[in-house]
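Here are my notes on the model you sent over. I've kept them as numbered points so you can follow along with the structure open.

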Amino acid sequence: MENIWIIHNSKYGNSEKLSNDIAAKLKDKFNVKVGSIKTLNPEEIARDNPVALIIGARIIAFNTERKIAKFIKKLSAYFEKPIPKIATFYTHTLSWTEKFSRGMNKALEKSTCIGNVCPELLEVRMQSPKGPAAEDQDEKVQKYIKKLIEFFEE
Ligand SMILES: Cc1cc2nc3c(=O)[nH]c(=O)nc-3n(C[C@H](O)[C@H](O)[C@H](O)COP(=O)(O)O)c2cc1C
């Protein structure tokens with residue numbers, strides 16, 4: 001099976017939980033690993049030669065949390081060729097606005113390890129900073145996962 005990595009920099013566990021939920025749904029078709037950038041060495045990702053990278057980011061001060069954006073730029077040094085498929089998701093508490101993803105979009109544009117980015121993104125609103133997700137969010141999570149599988153199998 002081909003390898004997929006899901007990375008996050010979760011503090012309260014929301015992005016980590018979502019990473020694990022997505023991983024559980026992909027595991028019949030792919031060999032999926034989940035890791036926090038707090039402990040993950042970029043070499044571990046590069047060694048697996050992943051066909052896809054899923055990046056989970058939390059929103060802090062109306063923008064993508066900065067360390068995950070930095071990590072993506074750093075990751076480029078470990079790849080000779082771009083990772084073929086890239087997908088993103090976000091966890092947040094306020095009403096979603098495109099502005100929240102601008103830090104991520106910049107990092108993706110600047111990083112040579114970034115291949116084809118899935119046009120579909122997932123944003124999951126939390127009831128409070130420590131979660132859980134608002135009750136109406138699950139349907140779009142499931143739709144996103146279906147889209148992701150299609151995107152990865154294209
Ligand atoms: C200091 C701080 C600032 C935040 N700023 C925003 C914000 O600007 N917009 C928003 O929607 N959520 C904001 N949040 C909520 C977080 O994005 C949300 O709790 C997220 O799910 C945390 O992810 P984690 O559980 O993976 O650490 C903020 C949370 C904290 C603690």
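**Notes on β5 and its surroundings**

1. Let's begin with a strand pair: β3 (residues 52-60) and β5 run parallel, with 7 bridges joining them. One pairing to click on is L53, whose bridge partner in β5 is I86. Bear in mind throughout that this is a predicted model.

2. Is β5 mostly covered or mostly open? Covered: the strand spans residues 83-92, and 9 of its 10 residues are buried.

3. β5 also pairs with strand β6 (residues 114-117), again in parallel, through 3 bridges. Here K85 sits opposite N116 of β6, and I86 faces V117 of β6. So I86 is worth a second look: it pairs with L53 as well as standing opposite V117.4. The connection from β5 to β6 goes by way of a helix. Together, β5, helix α4 (residues 102-110) and β6 form a right-handed β-α-β unit.

5. Strand β7 (residues 122-125) is another parallel partner of β5, with 4 bridges between them. H92 of β5 has R125 as its bridge partner in β7.

6. H92 turns up again at the ligand. Which residues come nearest to the ligand? Of the 18 residues around it, they are S10, Y12, N14, S15 and H92. The shell gets at least two residues from each of α1 (14-26), β3 and β5. Sorted by class, the shell holds 8 nonpolar, 7 polar and 3 charged residues.

7. Now the nonpolar interior. The largest nonpolar core has 34 residues, and I6, L53, I54 and I55 are the ones that touch the most other members. Two or more residues of this core come from each of β1 (3-8), α1, β3, α3 (66-75), β5, α4, β7 and α5 (138-153). Which element gives the largest share? That is β3, with 6 residues.

8. L53 deserves its own point. Setting aside residues up to four places away in sequence, L53 touches W5, I7, I83 and I86. I86 is also the bridge partner of L53 in β5.

9. Next, a glycine in a loop. G131 is found between β7 and α5. Why does G131 count as partly exposed? There are 17 other C-beta atoms within 10 Å of G131, and the partly exposed class lies between 12 or fewer (exposed) and 20 or more (buried).

10. G131 also has some partners that are far off in sequence. G131 and S15 are 116 residues apart along the chain, yet their C-alpha atoms are 9.7 Å apart. Not counting residues up to four places away in sequence, G131 touches Y12, G13, N14 and M126. Y12 and N14 are among the residues that come nearest to the ligand.

11. Finally, look at C113, in the loop between α4 and β6. Is C113 buried or exposed? C113 counts as buried because it has 22 C-beta neighbours inside 10 Å, and the cut-off for buried is 20 or more.

12. As for the company C113 keeps, its contacts beyond four places in sequence are L75, S76, F79, P82 and I83. I83 is one of the residues that L53 touches, too. C113 and I72 are 41 residues apart in sequence, and 8.1 Å apart in space from C-alpha to C-alpha.

Definitions and conventions:
Residues are numbered from 1 along each chain as its sequence is written. This is a predicted model: local features need pLDDT of at least 70, side-chain atom pairs count only at pLDDT 80 or more; totals for chains, interfaces and linings use all residues. Two strands pair if DSSP finds at least two bridges between them. A crossover is right-handed if, with the strands pointing away from the viewer, the path from the first strand over the helix to the second runs clockwise. A residue is near a molecule or strand if its C-beta atom, placed from the backbone, lies within 6 Å of it. Ala, Val, Leu, Ile, Met, Phe, Trp, Tyr, Cys and Pro count as nonpolar, Asp, Glu, Lys and Arg as charged, and the others, Gly among them, as polar. A nonpolar core is a set of buried Ala, Val, Leu, Ile, Met, Phe, Trp, Tyr and Cys residues joined through C-beta atoms within 7 Å. Two residues are in contact if their C-beta atoms, placed from the backbone, lie within 7 Å.
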